[in-house]
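Colleague: I would like to learn how to read a fold feature by feature. Can we go through one together?

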Amino acid sequence: MYKILVSDGLQENAINELIKLGFSVTDEHYDKVILGEKLKEFDALVIRSATKVTKEVLEKASGGKLKLIIRAGVGIDNIDIYSAHEQGITVKNTPNASSDSVAELALAHMFAVARFIGTSNYTMRNGEWNKKKYEGIEISGKTLGIIGMGRIGKSLANKATALGMNVIYNDVFGKQDDVKYEFLELNDLLRKSDFISLHVPYDKENGTLIRKEELNLMKDGAYIINCARGKVVDEEALLEALDSGKIAGAGIDVFEVEPNTNEILVNHPRVSCTPHIGASTMEAQDRIGEEVVSVIKDFFTKL
Ligand code: MLT
């Protein structure tokens, strides 16, 4: 019987389905100090973002039974892929499951910053009635620059188009034949967009994508949305740009350090923030569970 360790939780249905299929499932989060040693007895590990599968953890697990690591989500930045591959461990994620949820959250942040939704909530609860202060803008008719035209970027592009936005995009893989929107080089996209939404992983080799230089290229009064990874945007440069008014608002779901420690940023009146909840919908979590089951089933059937 193959043994699966579910380290950061998983939908109950998915756990039951795995048990029905004959897998032994342990739903427990081990501290990083003992995780590696514990992993020796498991054939597969399922994680979300809390468990960090580092080189050290994998070294301790080496010589054990571990053959498969599944990231129940999109980003695999909490797994040392190189070390895993060196040990012949397969790494998979669930790339299809949460695209609509993340795209909807990006849109929610766009509305929030365009219409001061978060700040109004906060100030009204403090007894303020700032009707005059909160004159916003419509997103309809505005240009949305999407950086990263993968599944999430495409989902957002369709939704934004339906709302009357003009979509342009940039992608590290260049222009895509199946994408009908206008492709622009990064700097041109930054200059032309009223809203920028980021849907790219953090690139360890090239570092932060949106720094002071890139923010300076953006239109005066543009908005930026980051539901990708915190390190994709330089938080200090963003704060400066928000303070100067260069950037009119930022919607942020992901932070350089998580849980967030940048109090000044999240308290900025022009910031709409959420605690990394892009994939936190019932629908996405159900689909993630289904995708995890299907990956495990396929993998062990082929062994
Ligand atoms: C993902 O990579 O799937 C999302 O950022 C959600 C998460 O990490 O929890």
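Colleague: How many cavities of 30 Å³ or more does the structure hold?

Modeller: First, a caution: this is a predicted model. Now the general idea. Rolling a probe the size of a water molecule over the atoms shows where empty space is left. Here the structure holds two cavities of 30 Å³ or more. The largest has a volume of about 70 Å³.

Colleague: Which residues line the largest cavity?

Modeller: Among them are Ala-112, Val-113, Phe-116, Ile-117, Gly-118 and Thr-119. Further along the chain, the lining includes Ala-248, Gly-249, Pro-269, Arg-270, Val-271 and Ser-272.

Colleague: Which elements give two or more residues to that lining?

Modeller: They are α5 (99-115), α6 (117-125), β11 and β12 (271-273). With three residues, α6 gives the most.

Colleague: Let us turn to the nonpolar cores. Which members of the largest core touch the most other members?

Modeller: That core has 28 residues. Ile-147, Leu-198, Leu-215, Ile-224 and Leu-238 touch the most other members. At least two core residues come from each of α8 (186-192), β9 (195-198), β10 (222-226), α10 (235-244) and β11 (247-252). The largest share, five residues, is from α10.

Colleague: Take Leu-215. What is it in contact with, leaving aside neighbours within four places in sequence?

Modeller: Leu-215 is in contact with Ile-210, Ile-224, Ala-237, Leu-238, Ala-241, Lys-246 and Ile-247. There is also a second, separate core of 27 residues. Leu-107, Ala-160, Val-179 and Ile-225 are included in that one.

Colleague: Ile-224 belongs to the largest core, and Ile-225 to the second. What general idea helps me read strand residues?

Modeller: In a regular strand the side chains alternate between the two faces of the sheet. For a strand pair in this model, look at β4 (residues 68-71) and β5 (residues 90-93).

Colleague: Do those run parallel or antiparallel, and how many bridges join them?

Modeller: They run parallel, joined by four bridges. Ile-69 has Val-91 in β5 as its bridge partner. Add helix α4 (residues 81-86), and β4, α4 and β5 make a right-handed β-α-β unit.

Colleague: Last one. Why does His-268 count as buried?

Modeller: Buried means under 20% relative accessible area. His-268 has 11% relative accessibility, so it counts as buried. His-268 lies in the loop between α11 (263-266) and β12. Not counting residues up to four places away in sequence, His-268 touches Leu-239, Leu-242 and Asp-243. The C-alpha atoms of His-268 and Ala-250 are separated by 9.4 Å, with the two residues 18 apart along the chain.

Conventions:
Residues numbered from 1 in each chain as written. Predicted model: local features only at pLDDT ≥ 70, side-chain atom pairs only at ≥ 80, totals over all residues. Heavy atoms only, no water. Core = buried A, V, L, I, M, F, W, Y, C linked by side-chain atoms within 4.5 Å. Buried < 20%, exposed > 50% of the residue type's maximum accessible area, 1.4 Å probe, protein only. Contact = heavy atoms within 4.5 Å. Pairing = 2+ DSSP bridges. Right-handed = clockwise from strand over helix to strand, strands pointing away. 1 Å grid on protein atoms, 1.4 Å probe; cavity = no way out; pocket = protein on both sides within 12 Å on 5 of 7 lines; lining within 4 Å. Points joined across faces, edges and corners; volume = space filled by probe spheres on them.
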